[in-house]
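User: I am new to this structure. Please take a close look at one part of it, and then show how that part sits in the rest of the chain.

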Amino acid sequence: MFKIAGLCALGISLSACQGQLSDKPPIHPNMNMDQQPRKEAQEVNNFFADGRSMRTPVEGTVARGLAKTDRAYYEGVDENGEFIDEIPVDLTKSFLYRGKERYEIYCTPCHGQTGAGDGIIMEGNYGYVPAPSYHEPRVRDLSDGELYSAIYNGVRTMPSYATQIKVEDRWAIVAYIRALQESQNITEQELQEYDVDITALQNEFSGEQARLDSIAAASEPEEAPQASVELGQEAITANACGTCHNEDGSPGGIGPTWAGLFGSEGEVVTEDGETLTITKDEDYIRESIVEPNAKKPVGFEQGVMASYSYLSDAEIESIILYIKNLDN
């Protein structure tokens with residue numbers, strides 16, 4: 001009886017408190033580390049001389065799993081800093097298909113579906129330096145580490161994709177580029193070793209080539225343009241030549257300046273490694289546009305310029321006229 005009465009009294013007393021205001025702090029029986037003596041982000045901490053609560057890591061600290069000591073895998077170079085020759089990842093069918101997927105997302109806008117450097121951005125007059133074809137001998141001879149470095153570090157006007165593409169995917173793209181190179185350079189004799197209808201492929205290629213030829217013929221002007229300084233300026237702008245070359249003699253560019261170039265004498269290095277002193281005349285400029293690695297100016301031996309052999313004769317003559325006109 002007393003127990004029942006006690007419970008009733010407790011219930012009445014508790015219900016009487018419902019909804020009433022109180023100035024007293026709420027009951028918090030288990031603090032559970034809710035009130036820690038810690039500093040919040042950006043809060044002042046007078047314990048340190050600089051007053052910062054957020055401390056920088058101790059110099060040399062590496063987060064667990066992020067040591068990246070395998071330079072071949074993460075940087076594409078060996079312990080001496082030289083580019084490695086082969087991909088340091090096992091090549092599987094799924095790995096290649098992953099590379100195909102990543103390549104089509106990140107690379108096709110400039111390099112095209114087959115790696116011919118004919119991506120949609122290259123077709124329009126967007127002011128980009130034309131992407132080189134992966135099927136040029138110079139690019140085919142690049143090591144796997146060099147291709148990886150282009151993705152990781154960027155090269156010339158191509159930016160680095162290190163933040164967009166993770167390490168393994170970079171190698172997958174390199175593997176797919178190698179597959180593209182093999183597919184575009186296979187001989188008919190090698191193709192006969194596989195179950196492939198060569199005649200059907202040839203007919204398909206002929207039909208597609210005829211379609212492209214007809215489109216090109218329809219877009220060509222009735223009269224070939226004449227070489228002029230104005231056409232040279234248009235060609236230079238369309239092919240973003242000013243990205244690497246300047247006209248005011250400023251040092252430190254990717255390519256040599258055009259200021260005072262025409263008619264000057266200078267040293268060049270041939271493909272055989274021979275150093276020559278030549279006069280930089282029309283023939284030299286024309287050769288530099290079509291075969292930029294034939295005679296590389298001393299100081300620019302790295303040979304980063306792609307061939308512009310696809311330019312018409314009128315465009316090449318116009319570029320030469322434009323460079324000559326700079327000194328007038």
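Analyst:
**A buried cysteine and the helix before it**

Cys241 is buried, with a relative accessible area of 14%; the cut-off for buried is under 20%. The model is predicted, and the values here are computed from it.

What is the closest cysteine sulfur to that of Cys241? It belongs to Cys244, and the distance is 8.5 Å, which is too far for a bond. A disulfide is a covalent bond between the sulfur atoms of two cysteines. The cut-off used here is 2.5 Å between the two sulfur atoms, so Cys241 and Cys244 do not make one. The rest of the model agrees with this, as a search of the whole structure finds zero disulfides. Cys107, for instance, is in no disulfide, and its nearest cysteine sulfur, in Cys110, is 8.9 Å away. Like Cys241, Cys107 counts as buried, at 11% relative accessibility.

Now to the helix. Helix α11 covers residues 229-238, and it is followed by Ala240, which has a positive phi near 55°. Most residues other than glycine have a negative phi. The buried residues of α11 are Leu231, Gly232, Ala235 and Ile236. They are on the same side of the helix, because they cover an arc of only 140° around its axis. The other side of α11 carries the exposed residues Glu230, Glu234 and Thr237. The helix therefore has a buried side and a side with exposed residues.

Against what do the buried residues of α11 pack? They pack against helix α13, residues 313-325.

Helix α12, residues 282-290, contains Ile285. This isoleucine is buried, with a relative accessible area of 5%. Leaving out residues up to four places away in sequence, Ile285 touches Phe262, Ile320 and Ile323. By their numbers, Ile320 and Ile323 fall within the range of α13, the helix that also packs against the buried residues of α11. Ile285 and Ile316 are 31 residues apart along the chain, yet their C-alpha atoms are separated by 9.0 Å.

Two strands can be added here. Strand β1, residues 265-270, and strand β2, residues 275-279, pair in the antiparallel sense over five bridges. In this pairing, Val269 stands opposite Thr275 of β2. The two strands form a hairpin with four residues between them, and Gly273 in the turn has a positive phi of about 85°.

**The nonpolar cores**

The largest nonpolar core has 22 residues, and Tyr103, Trp171, Ile173 and Val174 touch the most other members. The elements giving two or more residues to this core are α3 (93-106), α7 (144-153) and α8 (167-184). Of these, α8 gives the most, with nine residues. Trp171, one of the residues named above, has a long list of contacts when neighbours within four places in sequence are left aside; among them are Ala72, Tyr73, Ile84, Phe95, Asp144 and Tyr148. A second, separate core has 17 residues, including Ala235, Leu261, Leu311 and Tyr322. Ala235 links this second core to the helix described above, as it is one of the buried residues of α11.

**The whole chain**

How many helices and strands does the chain have? There are 13 helices and three strands. Of its 328 residues, 28% count as buried. Among contacts between residues at least 6 apart in sequence, 49% join residues at least 24 apart. The accessible surface of the chain is about 22600 Å², and 52% of this belongs to carbon and sulfur atoms.

Ala240 is not alone in having a positive phi. Gln42, in the loop between α1 (2-17) and α2 (71-75), has a positive phi of about 70° although it is not a glycine. Gln42 is exposed, with a relative accessible area of 68%. Lys68 is found in the loop between α1 and α2 as well; its phi is positive, about 50°, and Lys68 is not a glycine either. Lys68 is partly exposed, at 49% relative accessible area.

To return to the starting point: Cys241 is buried, its sulfur is 8.5 Å from that of Cys244, and α11 turns its buried residues towards α13.

Conventions:
Residues are numbered from 1 along each chain as its sequence is written. This is a predicted model: local features need pLDDT of at least 70, side-chain atom pairs count only at pLDDT 80 or more; totals for chains, interfaces and linings use all residues. Side-chain values use heavy atoms; hydrogens and water are left out. Buried means under 20% relative accessible area, exposed over 50%, partly exposed in between (1.4 Å probe, protein chains only). The arc is that of the directions from the helix axis to the C-beta atoms. Contact means heavy atoms within 4.5 Å. A nonpolar core is a set of buried Ala, Val, Leu, Ile, Met, Phe, Trp, Tyr and Cys residues joined through side-chain atoms within 4.5 Å. Accessible areas come from the Shrake-Rupley method with a 1.4 Å probe; for residues, only the protein chains shown count as cover. Two strands pair if DSSP finds at least two bridges between them.
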